[in-house]
Amino acid sequence: MSLIYQSARIAISALLHDLGKLAERSGIEHGGRLDAHKTLYCRWHAEAGYHSHIHAAYTALAWDALEATGHFPDLRHDCGPFSDGTDDDKTDSAINAAAAHHKPDTFLQWIVATADRVASGFERDKFDTEYNDREERDNHYRARLLTLFEQFGRASIAEGDLAWRYPLGTLSPENIFPRKAKDCTPTDDAQARAEYHALWDFLIEGIKHIPRSHVGNLPLWLDHFDSLWLAVTHAIPAATAFGVKPEVSLYDHSKAAAALATALWRWHHEANAKTKESVREGWNEKKFLLIQGDFFGIQDFIFAEGGRTQKHAHKLLRGRSFQVSLLAECAALNVLEALELPSTSQIINAAGKFLIVAPNTEKVRATAARCREELNAWCLKHTYGEIGVGLAGTTASCNDFTGGRFGELTRRLFDALDAAKHQRFDLCAKEAPASFDAFLDAFDNTLGVCAINGRHPAAPASTSRRGYSISGLADDQIRIGEAITKHARLLVAKDADTLPVLGLDYFGYRLAFVGDEEASGKYGELARNGKIVRAWDFDEPDADGTIWRGYARRFVNGHVPLFDETDEQLSDKYGKWEGEAEFDRTHPIKTLHHIACEDRQLTEAGKWKGEIALVALKGDIDDLGALFQRGLEKPTFAKMASLSRQVHAFFSLWLPWHCAHGKDASGMARFRNTYTVFAGGDDFFLVGPWESTLALAGRMREKFAAYVANEAITYSAGMVMTQPKTPVRQLARAAEHALGKAKSRPGKNAACIWDRPIGWPEWRDLMGERRAALEALMARADQHGADFSTGLTYSMLRLADKSESQLPQDAVWRSQLHYRLARFFRDRIRGDESDRERRQRLLDDAIREIGGALSRYKGAYRIPLSVLLYRQRD
């Protein structure tokens with residue numbers, strides 16, 4: 001019997017153990033079967049005369065409804081390790097294991113029940129006194145999910161003291177933002193239950209979008225369903241019992257429970273200890289192995305360069321970034337499949353990092369060690385050590401996840417991963433990896449070095465296809481960069497077969513970009529016979545935020561700017577690059593040169609005005625590791641998973657969607673010309689037209705503050721303005737340097753542009769109110785024929801430098817400002833007495849505004865001045 005299929009069935013049972021919470025709050029029809037299910041699955045309180053934990057009965061009812069769709073796997077026949085009803089143990093079915101978690105009686109029921117409470121952080125001896133005594137509060141329909149971010153750094157905080165809640169809706173870029181409690185908390189049960197019923201309907205209809213050809217392939221189906229479950233339950237409170245804050249989503253709790261249940265069952269299965277007593281009493285035994293993976297060298301890999309790097313810069317940037325994401329996904333998949341674990345065993349997956357919950361057995365430890373060797377061997381063979389994978393295993397018991405011990409487990413996880421980072425490729429081993437010796441032998445003297453990265457040996461097949469020396473890895477990068485703008489699905493297979501695969505295998509997998517109809521139709525037979533391992537949807541969310549389309553979601557693709565009809569009508573703004581704009585292509589992609597022209601403005605004289613330049617924007621959250629280790633008063637495994645997922649979602653879900661569809665304060669969709677080179681985990685790297693990217697930086701900071709609802713959680717960003725011909729590696733170094741300057745500012749929480757680090761509050765004032773006031777002055781002056789010249793702007797920039805100078809001769813900057821402005825307006829506004837009065841009012845207002853800003857902001861006032869200067873460039 002297949003171990004992966006058995007593990008997947010355990011995972012499904014645990015993942016859906018609280019399905020009844022959605023069903024009960026929705027008020028689904030039960031056809032008179034509720035009382036019978038209460039008797040089976042709910043706890044009876046004889047003295048009070050009622051059943052508690054009614055949601056457990058609804059879990060069984062809702063399970064039947066999912067099966068009735070025809071897109072749910074058959075877990076009633078040939079469904080080991082569960083009973084199929086043909087043996088003597090008819091009660092140990094998958095549905096009973098899920099629904100009986102508050103009234104467990106068999107080994108498998110105790111597996112799910114134990115995983116449920118371990119995920120919640122309950123002590124073993126508190127199961128009966130706290131866990132089973134929790135009952136839904138009277139307003140559990142109306143309770144809305146709290147945000148964990150708001151609670152960072154705050155001790156003993158009551159639910160009523162927390163101001164923010166998540167709206168109850170499906171996952172979308174806008175629904176991940178919390179709102180004020182009064183704005184999303186229903187005032188009556190009818191409205192509250194209607195919101196739940198909409199989610200229930202979405203689940204029932206959504207499961208029908210999973211291709212039928214994928215249902216029989218259980219690991220493949222479960223990966224799809226996990227994404228649907230996320231879309232439905234990301235904002236549903238898992239616990240609304242009296243005295244318990246609704247702070248963990250049903251998704252994060254059930255996903256953690258599924259991972260723990262699978263590992264727990266596998267440990268007992270391999271130990272041949274299949275009694276409920278062995279589950280109940282073994283809380284101090286190290287039954288879990290938490291396997292962490294982390295890629296290193298990612299950014300150097302993305303920004304590597306060679307002779308032809310700049311020619312393919314726009315394809316390479318998105319191709320390499322996506323390739324790194326694929327490597328991380330395939331590395332985690334490699335470990336999961338080697339250990340025969342389903343996708344739900346992977347709790348964290350963001351920015352090259354992953355966490356897998358496995359059983360702590362000798363076989364698993366040996367397999368994990370072999371995976372580490374295989375992953376690093378691949379990295380040495382294909383990237384020659386530019387990137388590598390660190391794998392670290394940390395053992396844990398059930399009690400390590402509970403009470404005050406989870407903080408210590410978290411510390412051990414951080415320490416283990418840090419140690420793995422310092423043991424790259426086992427360089428201190430007695431024998432160096434064989435790939436080191438093979439490096440020089442891989443070169444063909446007739447082909448030479450790859451023209452893209454400048455270091456790798458060129459590959460014959462790729463070189464023949466491209467017409468110049470190129471390695472197989474770089475060839476795939478260009479192919480990926482082209483494919484992700486044309487396709488929205490990626491198939492992961494064990495062999496090429498009839499698939500249009502990339503040139504390389506990726507940790508043993510062949511990857512093919514396909515259309516939606518091909519994934520479900522043309523290649524459906526490959527899914528049925530198990531040759532397709534995964535099918536991922538990586539497309540951007542729709543304009544309305546829709547993300548569920550029937551396939552497992554992977555938020556790994558950034559936004560890619562494309563030409564539209566308006567761009568074609570105004571194509572002369574691209575100047576000498578106009579001829580390179582391929583408007584007639586199905587997917588007309590903008591190059592960096594075109595993007596650099598996007599902020600130019602058409603004057604009344606019919607000429608284009610404004611600097612042709614890019615801004616690279618790089619940033620990350622300040623001190624995130626420390627925040628995770630000390631942020632929450634009572635951390636749990638589910639909370640840790642939730643925080644990781646939510647941090648990742650801001651950058652990988654909201655940011656690319658906002659670049660594609662978001663608007664600035666004036667209602668313009670000006671961010672659509674931004675390349676999201678990478679965005680995920682806690683960091684991002686964007687390239688876009690210079691002024692729009694500056695506006696996006698401020699917009700991101702504003703939205704991030706709204707997202708975390710906590711002033712103690714901040715991020716910093718570095719920006720560099722360059723010409724489009726600047727090599728990408730130089731662009732990355734300059735942006736990294738700017739980020740370093742931003743973070744060197746006391747308290748961090750800063751931005752740096754033009755080598756000037758300032759706090760985000762100053763940025764908001766300077767790029768908002770102060771710039772607007774300066775623009776208003778310029779408009780008034782222009783009405784009277786006193787157009788602000790570049791010469792005047794340069795004078796203001798010099799005065800900004802003098803305003804913060806310590807030299808005695810620069811202390812007269814105020815007098816110089818008065819003189820320069822008075823002369824400017826005198827020379828340009830001449831006429832009668834009324835003209836002189838207008839001139840004086842303008843002069844007074846200009847001195848008040850510019851002089852006041854220089855007094856307050858000193859040299860930082862260069863930032864809005866520089867924006868206006870670059871706008872004036874011809």
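**Exercise 1. Classify the burial of His53 and describe its backbone.**

At 3% relative accessibility, His53 is classed as buried, a term that means under 20% relative accessible area, with exposed meaning over 50% and partly exposed lying in between (1.4 Å probe, protein chains only). The residue lies in the loop between β2 (50-52) and α4; helices (H or I, at least four residues) and strands (E, at least two) are DSSP runs, numbered from the N terminus. Phi of His53 is near 55°, a positive value in a residue other than glycine.

The model is predicted: local features need pLDDT of at least 70, side-chain atom pairs count only at pLDDT 80 or more, and totals for chains, interfaces and linings use all residues. Residues are numbered from 1 along each chain as its sequence is written, and side-chain values use heavy atoms, with hydrogens and water left out.

**Exercise 2. Characterise Glu340 in the manner of Exercise 1.**

Begin with the backbone: phi of Glu340 is near 60°, a positive value in a residue other than glycine. Next, locate Glu340 in the loop between α15 (313-338) and β6 (346-350). Finally, its relative accessibility of 25% makes Glu340 partly exposed.

**Exercise 3. Determine why Cys379 forms no bond with Cys330.**

A disulfide requires a pair of cysteine sulfur atoms within 2.5 Å. The closest cysteine sulfur to that of Cys379 belongs to Cys330 and is 12 Å away, so the separation is too far for a bond. Cys379 itself is buried, at 0% relative accessible area. By this rule, the count of disulfides is zero.
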